[in-house]
Amino acid sequence: MLIKNSNRRYFIKLSGVTVASTAALLFSGLTLRENAWATSPDKIDKHTKKSLSQLSRILYPHQTIPDKYYDACIDTLDNKISNNKSLLNLLANGVMTLDSAFNTPFTELSSEQQLKAVEKIQGTPFFNTIRSHVVFSLYNNPEVWPLFGYQGPSFPFGGYLDRGFNDISWLPTN
């Protein structure tokens with residue numbers, strides 16, 4: 001997906017902002033803990049958070065990513081609710097829909113049943129809200145990048161020409 005008017009300069013600028021934000025968070029002492037959402041003042045109840053975290057893992061499954069990063073995605077969603085009460089209703093109703101798919105709480109369903117329940121809600125405003133929020137929150141988290149082998153933006157280190165542009169060892173030299 002291309003962003004209108006996107007170009008290399010915009011990408012580099014955005015990468016620089018991301019690095020600066022990451023540095024600010026790291027130096028502030030904030031870290032992610034296992035189940036960090038369990039101790040924070042919540043607007044979303046625990047069942048809804050756990051369901052949304054499992055939904056996030058179904059939408060973006062990665063064996064190498066611990067649950068705490070999916071939980072953190074939902075935690076940032078919880079922070080948005082203070083400004084948007086309709087979002088809270090959307091999330092609560094969406095989880096109720098997931099729970100009603102098999103008349104069992106979504107968190108207690110087998111992985112096959114969870115996938116079927118998610119397929120039923122595909123394309124709904126609830127589904128699109130979670131999908132778009134998690135894709136940004138999960139993949140924009142610098143703590144997750146090493147789990148994918150991504151070194152982060154190269155702009156602060158002089159750009160790709162001096163850092164990784166030509167380090168392909170698998171390409172034949174002929």
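Leaving aside neighbours within four places in sequence, which residues is Leu138 in contact with? They are Tyr60, His62, Ile65, Tyr69, Tyr70, Cys73 and Val144. Keep in mind that this is a predicted model. Leu138 is a handy place to start, since it also turns up in the largest nonpolar core.

**The core**
- The largest nonpolar core has 27 residues.
- Leu138 is among its members with the most contacts inside it, along with Leu52, Leu55, Leu91, Leu98, Phe126 and Ile130.
- Helices α2, α3, α4, α5 and α6 each chip in at least two residues of this core.
- As a rule of thumb, nonpolar side chains in soluble globular proteins tend to be buried together.

**Helix α3**
- This helix runs over residues 67–80, and its 14 residues reach 21 Å from first C-alpha to last, close to the 20 Å expected.
- Ten of those 14 residues are buried, so α3 is largely enclosed by the rest of the structure.
- Tyr69, Tyr70 and Cys73, which we met as contacts of Leu138, are among the buried ones in α3.
- Some charged-sounding names are buried in α3 too, including Lys68, Asp71, Asp75 and Asp78.
- The buried residues of α3 pack against α2, α4 (85–100), α6 (125–139) and α7 (145–148).

**Where α2 meets α5**
- The axes of α2 (residues 46–59) and α5 (residues 111–121) come within 11 Å and cross at roughly 85°, which means α2 is roughly perpendicular to α5.
- Gln54, Leu55, Ile58 and Leu59 make the contact from α2, while Gln114, Leu115 and Val118 do so from α5.
- By class, that contact has five nonpolar residues, two polar ones and no charged ones.

Notes:
Residues numbered from 1 in each chain as written. Predicted model: local features only at pLDDT ≥ 70, side-chain atom pairs only at ≥ 80, totals over all residues. Heavy atoms only, no water. Axes fitted to C-alpha atoms, helices over the stretch in contact; angles between N-to-C directions. Helix = DSSP H or I, 4+ residues; strand = E, 2+ residues; numbered from the N terminus. Parallel < 35°, antiparallel > 145°, perpendicular 65-115°, else oblique. Contact = heavy atoms within 4.5 Å. Nonpolar A, V, L, I, M, F, W, Y, C, P; charged D, E, K, R; others polar. Expected span 1.5 Å × (residues − 1). Buried < 20%, exposed > 50% of the residue type's maximum accessible area, 1.4 Å probe, protein only. Core = buried A, V, L, I, M, F, W, Y, C linked by side-chain atoms within 4.5 Å.
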